[in-house]
Amino acid sequence: MRGLKRALVLAFGCLLATPLSTLAATQHDSFSPSEHIVQGNEITLAFPAGKSPSKHLLLTLPSGLHLSYAEIITLGDFYQVPEKPIYQGATNEEKEVRFLADFNLFAVSEENVSEATGVIEIIYDELKSIDEAIANGEDAEAAYKRVSPDYNRRYNCATGGGCSASNWWLSPGKYLKVAKTNYDHFGDNAWVSYHVGHRLAIQAAVSARQTEDVNKLAYAYAINAYASHFLSDRFASGHIRTPRVELAEQVTPQDVGSLLANYMHDEESSGGLHVHNGRGEQWIAYGDTTSFEAKCAPHRAKLIEALQLSADEIYLAYATGKSPDSKAVENILPIADEIGSHAKDDISSLFFFEPTLKQVMRREKLDDFYDRHWTSNWWGWSTFTELERKRGLPLKASRS
Ligand SMILES: [Zn+2]
């Protein structure tokens with residue numbers, strides 16, 4: 001059996017232009033850290049009279065960190081317990097325990113204080129690089145593609161992983177470990193993870209009301225900021241239809257399944273998806289590296305509105321002492337107009353999960369974004385080698 005396994009590994013090694021060890025470095029997340037920062041900086045936090053609302057107020061955490069709402073949103077891509085995704089918690093209580101274990105990694109534990117401070121410095125440096133590129137007339141998406149490989153290396157290095165330009169991915173830091181298991185950052189799981197954290201933040205705000213403790217209100221905002229990382233990811237178009245979990249479950253080895261999710265993610269991030277929401281609004285959603293593009297403005301406005309409404313609910317809970325019990329945020333969530341085999345105008349899904357067959361279906365013609373035929377008869381490794389040969393590694397994979 002061991003011989004067979006080794007033979008398979010060797011076979012993969014021969015077939016793939018890129019060794020599997022390299023592929024481990026190609027897992028990624030949604031909006032880049034600097035995009036999360038820019039989005040989060042749009043949010044205003046309300047405080048009782050005497051403390052005027054501030055966009056850049058620093059929230060003090062038990063760990064000793066002083067972070068803005070936007071910075072905490074961003075840390076969702078750096079601090080999570082990789083083996084325990086929130087969505088897999090068997091009960092609401094277990095999901096809450098997992099959410100808090102993730103949040104506490106930087107909010108309570110003193111172990112990661114200097115590390116998180118260093119990560120945030122790199123995020124602002126990334127933002128500066130993008131701002132300079134845009135000021136020099138470079139397209140933001142192109143600028144991200146150009147600068148991200150080295151920032152990914154720096155994020156991995158700053159979170160305890162490899163730093164070498166040639167093989168940093170061989171030693172995953174927290175950043176890479178979170179990216180490899182980012183199931184909570186996609187689709188319904190992202191909404192579940194947000195909602196678990198938002199509920200905890202509401203409880204903290206209600207509790208703060210009982211003692212009229214503004215510091216406790218700030219802590220409730222901090223919990224909500226971390227939850228809002230998942231809310232932001234839920235808006236990224238590459239995260240709406242991609243069967244992230246199912247691909248990783250059904251493709252062997254799992255890393256190849258995750259890479260295939262990346263190819264679909266990249267197709268749908270840049271091209272966008274027609275979406276609608278519970279308010280009957282229709283627009284085109286886009287994904288990561290597009291935040292600064294004019295085409296993304298209507299989508300960005302919906303995301304900012306959702307983030308602001310979420311933060312407003314925390315203040316409402318503090319002001320009234322009750323849970324707002326509102327569906328206002330949920331009603332803004334983008335829902336793909338076309339799913340599975342029903343795509344007409346958008347590109348056809350590269351993959352979708354077919355519930356009757358309990359199988360991930362694949363678009364027959366990988367190169368034809370508008371091919372409306374799918375098959376259950378496909379192999380992960382051959383699909384990957386074909387995509388890798390024709391397109392190279394996925395967009396963000398090319399950063400590593
Ligand atoms: Zn994320």
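**Close-up views of the predicted model**

**View 1. The sheet containing strands 3, 4 and 5.** His274 stands opposite Ile284 in strand 4. The structure is a predicted model, in which local features require a pLDDT of at least 70 and side-chain atom pairs count only at pLDDT 80 or more, whereas totals for chains, interfaces and linings use all residues. Residues are numbered from 1 along each chain as its sequence is written. Helices (H or I, at least four residues) and strands (E, at least two) are DSSP runs, numbered from the N terminus; two strands pair if DSSP finds at least two bridges between them. The open sheet shown has 3 strands in the order 4-3-5, with antiparallel pairing. Strand 4 (282-285) and strand 5 (335-336) are its edges; each has a single partner strand, so one side of each lacks a neighbour in the sheet. Strand 3 is joined to strand 4 by 4 bridges, and strand 3 (residues 273-276) pairs with strand 5 over 2 bridges.

**View 2. Strand 3 and its surroundings.** In a regular strand, side chains alternate between the two faces of the sheet. In strand 3, Leu273 and Val275 form the covered face, while His274 and His276 form the uncovered one. Towards strand 5, Val275 has Ala336 as its bridge partner, and His276 has Ile335. A hairpin links strand 3 and strand 4 through 5 intervening residues, and Gly280 in the turn has a positive phi of about 80°.

**View 3. The sheet containing strands 6, 7 and 8.** A further view shows an open sheet of 3 strands in the order 6-7-8, paired in the antiparallel sense. Its edge strands, strand 6 and strand 8 (374-375), each pair on one side only. Strand 6 (residues 351-354) and strand 7 (residues 359-363) are paired over 4 bridges, and 2 bridges join strand 7 to strand 8. Arg362 stands opposite Phe351 and also opposite Thr375 in strand 8. Strand 6 and strand 7 form a hairpin with 4 residues between them, and Lys358 in that turn has a positive phi of about 55°.

**View 4. Helix 6 and the helices against which it packs.** The 23 residues of helix 6 (residues 113-135) should span 33 Å at 1.5 Å a residue, and the end C-alpha atoms are 33 Å apart, which agrees. The expected span is 1.5 Å times one less than the number of residues. Ala116, Val119, Ile120, Ile123, Glu126 and Ile130 of helix 6 are buried; a residue is buried if 20 or more other C-beta atoms lie within 10 Å of its own, exposed if 12 or fewer, and partly exposed in between, with C-beta atoms placed from the backbone. These buried residues pack against helix 3 (33-40), helix 4 (69-74), helix 5 and helix 7 (140-158). Just after helix 6, Gly137 takes a positive phi of about 90°.

**View 5. The largest nonpolar core.** A nonpolar core is a set of buried Ala, Val, Leu, Ile, Met, Phe, Trp, Tyr and Cys residues joined through C-beta atoms within 7 Å. Among the 79 residues of the largest core, Ala205, Ala220, Tyr221, Ala222, Ile223 and Ile314 touch the most other members. Helix 10 (residues 214-235) gives the largest share of this core, 13 residues. Domain 1 (27-236 + 294-329) and domain 2 (239-285 + 338-393) both contribute residues, so this core lies between them; the domain bounds come from an automatic or database domain assignment. Leaving aside neighbours within four places in sequence, Ile314 is in contact with Ala201, Ile202, Ala205, Ala220, Tyr221 and Asn224. Contact requires C-beta atoms, placed from the backbone, to lie within 7 Å. Apart from the largest core lies another, of 17 residues, including Leu247, Val256, Met264 and Phe351.

**View 6. Asp266 in helix 12.** Asp266 lies within helix 12 (residues 254-271). Asp266 counts as buried because it has 24 C-beta neighbours inside 10 Å. Gly287 is 21 residues from Asp266 in sequence, and their C-alpha atoms are 8.4 Å apart in space.

**View 7. Confidence along the chain.** The mean pLDDT (the predictor's confidence in each residue, from 0 to 100) is 87 for the chain, and 88% of the residues reach 70 or more. Confidence is lowest in helix 1 (residues 2-15), with a mean of 32, and highest in helix 5 (residues 92-107), at 98. Residues 1-28 have pLDDT below 50, and this stretch makes 39 contacts in the model beyond near neighbours in sequence. Residues 395-400 also have pLDDT below 50, with 19 such contacts. Where pLDDT is low, the predicted coordinates should not be read in detail.

Note on methods. Contact = placed C-beta atoms within 7 Å.
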